[in-house]
Protein chains: 4
Amino acid sequence: MTLRVGIVGATGYTALEVARLLLAHPEAELVAATSRAEDGKSIAEIHPSLAGRCDVPIETLDPAELAKKCDVVMCCLPHGASAETCKQLIDHNVRVIDFSADFRLSSQATYEKWYGVDHPWPERIGKTVYGLPEFYAEQIRDADLVANPGCYPTSAILPLAPLIAKQLIEANDIIVDSKSGVSGAGRSAKVGTLYCEVNESIAAYGVGSHRHQPEMADLVHRIGGQEISLVFTPHLTPMDRGILSTIYVRPRGGNAKQVMECWREQYADCPFVTPVDHLPATKHVAGTNHVQLTARDAGDRIVLVCAIDNLTKGASGAAIQNMNVMFGLPQTAGL
Amino acid sequence: MTLRVGIVGATGYTALEVARLLLAHPEAELVAATSRAEDGKSIAEIHPSLAGRCDVPIETLDPAELAKKCDVVMCCLPHGASAETCKQLIDHNVRVIDFSADFRLSSQATYEKWYGVDHPWPERIGKTVYGLPEFYAEQIRDADLVANPGCYPTSAILPLAPLIAKQLIEANDIIVDSKSGVSGAGRSAKVGTLYCEVNESIAAYGVGSHRHQPEMADLVHRIGGQEISLVFTPHLTPMDRGILSTIYVRPRGGNAKQVMECWREQYADCPFVTPVDHLPATKHVAGTNHVQLTARDAGDRIVLVCAIDNLTKGASGAAIQNMNVMFGLPQTAGL
Amino acid sequence: MTLRVGIVGATGYTALEVARLLLAHPEAELVAATSRAEDGKSIAEIHPSLAGRCDVPIETLDPAELAKKCDVVMCCLPHGASAETCKQLIDHNVRVIDFSADFRLSSQATYEKWYGVDHPWPERIGKTVYGLPEFYAEQIRDADLVANPGCYPTSAILPLAPLIAKQLIEANDIIVDSKSGVSGAGRSAKVGTLYCEVNESIAAYGVGSHRHQPEMADLVHRIGGQEISLVFTPHLTPMDRGILSTIYVRPRGGNAKQVMECWREQYADCPFVTPVDHLPATKHVAGTNHVQLTARDAGDRIVLVCAIDNLTKGASGAAIQNMNVMFGLPQTAGL
Amino acid sequence: MTLRVGIVGATGYTALEVARLLLAHPEAELVAATSRAEDGKSIAEIHPSLAGRCDVPIETLDPAELAKKCDVVMCCLPHGASAETCKQLIDHNVRVIDFSADFRLSSQATYEKWYGVDHPWPERIGKTVYGLPEFYAEQIRDADLVANPGCYPTSAILPLAPLIAKQLIEANDIIVDSKSGVSGAGRSAKVGTLYCEVNESIAAYGVGSHRHQPEMADLVHRIGGQEISLVFTPHLTPMDRGILSTIYVRPRGGNAKQVMECWREQYADCPFVTPVDHLPATKHVAGTNHVQLTARDAGDRIVLVCAIDNLTKGASGAAIQNMNVMFGLPQTAGL
């Protein structure tokens, strides 16, 4: 029996990536898509790469109707708006994977400080599983609601959490320098992401103030069992897709070789996480749900390098992986 | 009287950038160009962007002949090979700006360790001015030989040296995470810099082992008066030009505001170095000799961001600026 | 039973694309790969995007051994060299899909004129099926050897052939202006395809002399039943993948609407060819085996626009599609 | 005495290019800039690449005030709006170079048909010089108002007009297939020119309906003395700058060699137009006011290829060139 999947908020790049991945999925199918702005069109009119491949109509969201049609809904709305919709959907008994940040953090206070809004459903903060099957597959299996991870956090938590758990590195001296493709900035019309603004250019943004910083710290703490402090700097890089995080850590006696061994052991059964000997490039994982990781000694630091595709493992691929876990399919189905 | 300029090693991108800049220079002119491989062609056959604009013939290098024709020679050869040619040219009484690393470091031992060759002219190590007019204009004015700075070092020395000199930051806890356009890798045919290898991708390389690291440390020490240790990671970024260096330093009591003030004072009379309030992008300085710098507080660190064009201020523009100083022209002539 | 697939000439981009597509194929698997230059490495060392996903070893080609291991071999060698290897493989009773131009043309004289070499196996010229299942599925089904189409020809034959067959357009006044991504130029180290040579630039090449011109003319003739003459200009475009062909034809009484109807009828049962109302962009088909086509009236001409991915429908995707037909699988399996 | 230059409509890419070029101009200086939306900022806040280099404040347009401050005004407003402003400025006795299409065409009817608006100052249609100094230097010298040419038309008129004038080609069988960088689409926030929409993609647009088609036909007629008909297809190409026009013409007895000779004679005294033997790439002219042209025989056609930078020779560089002519400077001053 094929899983019936719905998308709420179908106009953006993560929604397109969900649709693209579902076209290749052997056991799941896109059956519904909603967007206030584009009601009445087909999804292929919004995303011309789907022409001749997918003709799901775009509708205005009606949670009760959508819940009837779907086994699972991917909610691709902005934070704040998303939590309310998730609540309505779950009230109508459909399982939800939420792409926003609304249920990722463990503390309401941290959420409200960094996101500047009152949380619409605070009861679920700290009681929603974080959708990283590499650590939380058990809880994801039975969840009604999964908080799909942020793109930058995925690229930092996977390398850091096991090293903190094994106490291989200092917890209070971590620098995460990340470089992201432009699709991470979304598909709304802004001068700042016009082609001629960002092409042939690289720039830092949100220095010391990006909302993914508390998410990284929170999750590494929850997984690794130790509070950490880190400095995080994201950069906008002239490419569609990909995140490369270069992470500077201070060893507690060990070295890059021990880091690689720790990862090899930790991720031995994880089909998407691969410690590699070469220096990973974002191109090596582009369009896939794979993660490439390496470590190098450099002076008094160890440099960790992690490459993911921000739209796949950093968003929609992770959501499919979560869906697979939720419905008892192999994690790799369709990926 | 127009300055007569020669280029040795005319086939690469830095040579083309010298030729491009000289076309706009009011007091200097390209009069000769050499390359073993392309003898007999015109420079516009090697660099079609010069068609109809410059028709200097490519010749095989004859140091005596070249010295007669030129007031100054830009030597764009690889390290090792360059030092020998510089010696021959200077013996024939022409002033030389050397683009290689051969005369940048203050210690022969450091040079031979990092470059893996015996130095062909060790007498001049430690006795050649480093071509950063922001600090060494006096010595450049009278020099027969100028060591033109490396591209990455320029982007790190300019922000760091004054902060070390003023003891605003810790000297032994510095991380330089740099992102460079592909032109920095040169114009020889290699699979690694083919379009389809590096386009739509970012990757670190030379982690912990890049030769520009000792150059940064050496110069910050010489200018700032204090030994430093740093970790340097360069990244290959999908763009033609530009370097963005994101530098993580630990303040000694101060903050980003004091860093900006220190720079404003230090560079008040430097026409190419501009502390800015926005976060600089490489596009803001592309094709120019300008440097944009900013500082931001972030947790227990200060994040410094410096943008240059690797081919201009990072190579050929700096060479023109040095030439201007050597011949008593305004630093900005033709730039 | 899973099809066992081998690749000869495993270092290039078409080989990587075959490997990538096979990873998602439900009924076929890469079991062997050869390359003289890289013998002893694994395929993931040559193509780091395969790390952790595929570890087939690279061997030196032994046709007898390879034929034993495989049900079908994808031969990714250059023209001339390819024909000889195809012959050896077929002599050992394995079916072959040839990526070179060696068996595409119907005339030995045309081949030898345009490719400048004696044909190593002239008996098979004119007696090898052209691997365009949209027209030749019957013959492909039983073929021991399939000539996989050229990338540019695919983008011109699909729109033109039905219009010639239906006599909707003049046969002797056709202009094909094509724009290709850089991967079409291959993966060997050449200055001309270095990133900094082709990035931020578009240029024509091979004007009036490109070898895909006779292939287009030959196939449109064979399919459409009428000799045609055309002018073909390829352009190198700063992107990894994709071909957009803008084709100027002169109508014989009809218009763009009739062209669209002709295509809709012709390709009604072809899963990969989609006439669309929008103007197709190469991005709409990137990474897929799909073809988007449209037609517009413009003065006394009709302008046809066809978008494909040069590595997928223009090479490796077409090969998988051919393999599917050869072995009785649905054309869309794994695509 | 330095020329005082003003810009009306300072937020776009052509305005930035004017400012960039004036920074290098020995005899002209930017003294004023206006924009309704950005009143009160400095121009460097709108265009961060000007930081530390130009601090002209952005004001709301007051034609009388601006006319007092300036010797010449570059009017970078959209069509319709531009004509009104040009009239007010000229009424206040300042000379104007208009970047819009408002005064380019020789017929009011054609203008109103293609632009869909009533013309605000129809008296000047057909009585305003077209700013192509290669043909109209005399009239530009004394003009109060110059209609700066469109980018695509520049790339088609320069190759075509002399061939029509010399009757080397058929006038009614011309196809212009043009490829433009994205800056031609302007700097307003639209989904269609977001980085992730146009990067790694090429597409045709405005097939058979682009407004530059009548401009090309009109000017070739006026210069060449013969009515022509042409089909024009523009394409959006993933690069910041540049236009490559590939033009298919039918010879009247001659060939590519004669075309090259015709151009060499026509443009012998034009410093920016260079017939070249190689196939020009847009990169060869990027950031310059230069034009590279070549011709090749191909079947029964001659293929003309013309490369310009759309922002320089296609807009702001042409405006500086026009300004130079208007004020008796060498055409090449500052270019």
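The exchange below covers two interfaces in a predicted model: one between two domains of chain A, and one between chain D and chain C.

Trainee: Which residues of chain A does UniProt list for the semialdehyde dehydrogenase NAD-binding domain?
Mentor: The annotation comes from an unreviewed UniProt entry. In the model, the span is 36% helix and 17% strand, and its end C-alpha atoms lie 17 Å apart. The record gives residues 4-143 of chain A.

Trainee: How far apart are the C-alpha centres of domain 1 and domain 2 of chain A?
Mentor: Domain 1 of chain A covers 3-127, and domain 2 covers 151-310. Across their interface, 15 residues of domain 1 are in contact with 14 residues of domain 2. The C-alpha centres of the two domains lie apart by 26 Å.

Trainee: Which three residues supply 48% of the area that domain 1 of chain A buries against domain 2 of chain A?
Mentor: The two domains bury about 1300 Å² between them, with 48% of it on carbon and sulfur atoms. On the domain 1 side, no other three residues supply more than A:Y13, A:R104 and A:W114.

Trainee: What is the N to O distance in the salt bridge of A:R104 and A:E215?
Mentor: The interface of domain 1 and domain 2 of chain A has two salt bridges. A salt bridge requires the side-chain nitrogen and carboxyl oxygen to lie within 4 Å. For the side chains of A:R104 and A:E215, the N to O distance is 2.9 Å.

Trainee: How much area is buried between chain D and chain C?
Mentor: Each chain brings 42 residues to the contact. Carbon and sulfur atoms give 60% of the buried area. The total is about 3100 Å².

Trainee: Which residues of chain D lose the most area to chain C?
Mentor: The area buried between chain D and chain C is about 3100 Å². Three residues of chain D together account for 19% of what that side buries. They are D:E200, D:I202 and D:K283.

Trainee: How many salt bridges are counted between chain D and chain C?
Mentor: One salt bridge joins the side chains of C:D173 and D:R301, at 2.7 Å from N to O. The rule also finds 24 residue pairs in polar contact across this interface. The salt bridge count is six.

Trainee: Which element gives the most residues to the side of chain D that touches chain C?
Mentor: The elements of chain D that give two or more residues include helix 8 (195-198), strand 8 (169-180) and strand 11 (243-251). By class, that side has 19 nonpolar, ten polar and 13 charged residues. With six residues, the element that gives the most is strand 8 of chain D.

Notes:
Residues numbered from 1 in each chain as written. Chains lettered and ligands numbered in written order. Predicted model: local features only at pLDDT ≥ 70, side-chain atom pairs only at ≥ 80, totals over all residues. Heavy atoms only, no water. UniProt positions renumbered as here; feature names shortened; annotations may be inferred. Helix = DSSP H or I, 4+ residues; strand = E, 2+ residues; numbered from the N terminus. Domains from an automatic or database assignment. Contact = heavy atoms within 4.5 Å. Buried area = accessible area lost by both parts, 1.4 Å probe. Polar contact = N/O pair within 3.5 Å; in protein donor to acceptor, adjacent residues only side chain to side chain. Nonpolar A, V, L, I, M, F, W, Y, C, P; charged D, E, K, R; others polar.
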